Amino acid sequence: MRSKKHHIDIDGIPIEVTRKRVKHLRIVVYRSSGFVRISSPKRVSDREIYRFAESKIDWVKKHLQKKSSSDSLPAPKFTDGETHYLWGEPYRLRVKEENAAPQVCLNGSGEINMFIRPKTAVEKREKVMREWYRAKMKQEIPALIEKWEPVMGVTVKEWGVKKMKTRWGTCNVRAGRIWLSLHLAKRDPEFLEYIVVHEMTHLLERLHSRRFYGLMDQFLPGWRETDKKLGGKHWKK
Ligand SMILES: [Zn+2]
């Protein structure tokens, strides 16, 4: 009898096939390791498994690419010539060393000027940049909240900007407080507005319930598209 585990190869991608007590064929891509696995019911033939794998291979490739493209992005060092984003637009970074308080600003010719003291470490450069993004966010958020409060009939008591790793925003319903991810400053402004509306909708409906999505449809009919572009799925839980 054949072992329960074997490998097939589609377009040069090795796929581990495991036969177990499952009802349907299922394929999983482990993005962090690039490992691909198919779980198959015991009765399904090798030929059917192969055909299933073939039918999914474009999807598999897309997922594997996502991994490599995000992995291959080197961590920024905040050195001269690097590209950094503000509100979805790329800017070349110009680093100028001088003995004065650090400062970041747009220089009017599509560049970001970063003034730092000579020999400033990368962590400190990152922090200087982060504070600049925070200031940019703080310029935009009040107008958005003011715009949406009367439309939605809610009041935001407090808001803030935070460095978040896995989320675009959070809402503390009881405190009437929303937090927004600092990374939104790098993306198109439509995303900031979308997340502000999302978090403010929680003031009306705490859970991601049908009612929640109904309210979102009412406030921002195009939000599903925006969410997709943002790579969201967080909201679909
Ligand atoms: Zn939410």
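This briefing covers the domains, the nonpolar cores and one helix pair of the structure above. The model is predicted, with local features requiring pLDDT of at least 70 and side-chain atom pairs counting only at pLDDT 80 or more, while totals for chains, interfaces and linings use all residues. Residue numbers start from 1 along each chain as its sequence is written.

**Domains**
- Domain 1 (5–72), domain 2 (83–128) and domain 3 (132–236) divide the protein, with bounds from an automatic or database domain assignment.
- Between the C-alpha centres of domain 1 and domain 2 there are 44 Å.

**Nonpolar cores**
- The largest nonpolar core (buried Ala, Val, Leu, Ile, Met, Phe, Trp, Tyr and Cys residues joined through C-beta atoms within 7 Å; buried means 20 or more other C-beta atoms within 10 Å of the residue's own, with C-beta atoms placed from the backbone) has 29 residues.
- Met137, Leu180, Leu184, Ile195 and Val196 have the most contacts inside this core.
- Helix H3 (189–201) is among the elements that each supply at least two residues of this core, and H3 gives the most, with 7 residues; helices are DSSP runs of H or I, at least four residues, numbered from the N terminus.
- Domain 2 (83–128) and domain 3 (132–236) each provide at least three residues of this core.
- Another core, of 8 residues, lies apart from it and includes Ile15, Ile27, Val29 and Ile49.

**Helix pair H2 and H3**
- H2 and H3 pack at an angle of about 45 degrees, their axes being 10 Å apart; axes are lines fitted to C-alpha atoms over the stretch in contact, and angles run from 0 to 180 degrees between N-to-C directions.
- H2 and H3 are therefore oblique to each other (angles under 35 degrees count as roughly parallel, over 145 as roughly antiparallel, 65 to 115 as roughly perpendicular and the rest as oblique).

Conventions: Buried ≥ 20, exposed ≤ 12 C-beta atoms within 10 Å, placed from the backbone.
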